[in-house]
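Trainee: Can you walk me through how the words we use for a structure get decided? I'd like to see a value set beside its rule each time.
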Number of protein chains: 2
Amino acid sequence: MKTGSLDTTFAALADPTRRAILARLALGEASVMELAEPFAMTQPAISKHLKVLERAGLISRSREAQRRPCRLEASPLAEANLWLEKYRQFWEAQFARLDSLLEEIQASSPNLEPDQG
Amino acid sequence: MKTGSLDTTFAALADPTRRAILARLALGEASVMELAEPFAMTQPAISKHLKVLERAGLISRSREAQRRPCRLEASPLAEANLWLEKYRQFWEAQFARLDSLLEEIQASSPNLEPDQG
DNA sequence: GCGTTCTATAACCTACAGGGAATTTACGTC
DNA sequence: GACGTAAATTCCCTGTAGGTTATAGAACGC
């Protein structure tokens, strides 16, 4: 049922409306109307976004009278996180290089000495 | 220059070819031809993918004779990772719930006792 | 200068994504 | 059963993504 592939997960996360919906759902369950309220967008558009999130396994829906409350399903995010973690060494190395570069710049700029200001 | 927005980062990561290119670049710099070689795809198609990755700030390119070696730029991945981390508590909670469910199931299935096999 | 190699660009096609308007379905209430 | 509300579905439009082929541009060897 839940696709769970990185393709659909990342594609679902690429839209700001959908990320905002997930952020809202992190605060708790919500109906479609409640989710649609903050957006300058019609209800069918939100329903489409929810369908994308559901097919990506990022949300699940239950019934409760006419409402169709949505709940956050975070496991595809875990999968995405796992993929990203493989590259952690690279960004940490690049940030470290940037740090030492900034240190060099500071060390070689006398106009930043305390007695100058 | 580097967009760095989550929109473009996640969109770039949503394509398996592009993720494979990043994985290749994690092993070191590579030219367009080298990157294209593993794929059943023409060179212009790869160039397009590289343009997407470049606009997302995920790679950078230099000149070296006719070659245009690509290098991995991981900082957008750090940004994406930061966004995902906000949801860590959710997937960990859900996995914990799954774990305890599995424990319950095992506890109540006598046909999995050692003297059974 | 000339051909060769590597890469980028242009033009084109097909499929799909994101949005709106209108309608339909599902459920609860009176 | 009629009505009202919540959500999904349908149809339409526009833009863009991903692929192709063909062409152009940049850098080297001769």
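Trainee: Which residues come nearest to DNA strand C, and how many are around the strand?
Mentor: There are 23 residues around DNA strand C, and the nearest are A:Lys48, A:His49, B:Met33, B:Gln43 and B:Ser47. Sugar and phosphate make up 66% of the strand's atoms that come within 4 Å of the protein. Keep in mind that this is a predicted model.

Trainee: What makes the pair between A:Thr42 and a phosphate oxygen of DNA strand C a polar contact?
Mentor: Check the distance: an N or O atom in the side chain of A:Thr42 is 2.9 Å from a phosphate oxygen of DNA strand C. The rule asks for a pair of N or O atoms within 3.5 Å, so the pair counts. From chain B, a backbone N or O atom of B:Val32 lies 3.2 Å from a phosphate oxygen of the strand. A polar backbone atom of B:Arg68 is 3.2 Å from a phosphate oxygen of DNA strand C too.

Trainee: Which elements give two or more residues to the surface near DNA strand C?
Mentor: Those are α4 of chain A, together with α3 (32–36) and α4 of chain B. By class, the residues of that surface split into eight nonpolar, seven polar and eight charged.

Trainee: And which residues are closest to DNA strand D?
Mentor: The closest are A:Met33, A:Gln43, A:Arg61, B:Lys48 and B:His49, out of 22 residues that surround DNA strand D. For this strand, sugar and phosphate account for 66% of the atoms that come within 4 Å of the protein.

Trainee: How do you know that B:Thr42 has a polar contact with DNA strand D?
Mentor: An N or O atom in the B:Thr42 side chain sits 2.7 Å from a phosphate oxygen of DNA strand D. The cut-off is 3.5 Å, so that one passes. Try it on A:Lys51, where a side-chain N or O atom is 3.1 Å from a phosphate oxygen of DNA strand D. For A:Val32, a backbone N or O atom is 3.3 Å from a phosphate oxygen of that strand.

Trainee: Okay, helices now. Why are α5(A) and α5(B) called roughly antiparallel?
Mentor: Start with the angle: the axes of α5 (residues 75–85) in chain A and α5 (residues 75–85) in chain B come within 10 Å and cross at roughly 150 degrees. Angles over 145 count as roughly antiparallel, so the label fits. The crossing of α5(A) past α5(B) is left-handed.

Trainee: Which residues of α5(A) and α5(B) meet?
Mentor: On the chain A side they include A:Leu77, A:Ala80 and A:Trp83, and on the chain B side they include B:Leu77, B:Ala80 and B:Trp83. The contact has eight nonpolar, two polar and two charged residues.

Trainee: What makes α2(B) roughly perpendicular to α4(B)?
Mentor: The axes of α2 (residues 16–25) of chain B and α4(B) come within 10 Å and cross at roughly 75 degrees. The range for roughly perpendicular is 65 to 115, so α2(B) and α4(B) earn that name. Among the α2(B) residues in the contact are B:Ile21 and B:Leu22, and the α4(B) ones include B:Leu50 and B:Leu53.

Trainee: Why do α2(A) and α4(A) get the name roughly perpendicular?
Mentor: Helix α2 (residues 16–25) of chain A packs on α4(A) at about 75 degrees, with the axes 10 Å apart. That angle lies in the 65 to 115 range, so they are roughly perpendicular to each other. The residues of their contact divide into six nonpolar, two polar and one charged.

Key. Residues are numbered from 1 along each chain as its sequence is written. Chains are lettered from A and ligands numbered from 1 in the order in which they are written. This is a predicted model: local features need pLDDT of at least 70, side-chain atom pairs count only at pLDDT 80 or more; totals for chains, interfaces and linings use all residues. Side-chain values use heavy atoms; hydrogens and water are left out. Axes are lines fitted to C-alpha atoms, for helices over the stretch in contact, and angles run from 0 to 180 degrees between N-to-C directions. Helices (H or I, at least four residues) and strands (E, at least two) are DSSP runs, numbered from the N terminus. Angles under 35 degrees count as roughly parallel, over 145 as roughly antiparallel, 65 to 115 as roughly perpendicular and the rest as oblique. A crossing is left-handed if the near helix is turned anticlockwise from the far one by less than a right angle, and right-handed if clockwise. Contact means heavy atoms within 4.5 Å. Ala, Val, Leu, Ile, Met, Phe, Trp, Tyr, Cys and Pro count as nonpolar, Asp, Glu, Lys and Arg as charged, and the others, Gly among them, as polar. A residue is near a molecule or strand if one of its heavy atoms lies within 4 Å of it. A polar contact is a pair of N or O atoms within 3.5 Å; within protein, one must be able to donate a hydrogen and the other to accept it, and residues adjacent in sequence count only if both atoms are side-chain atoms.
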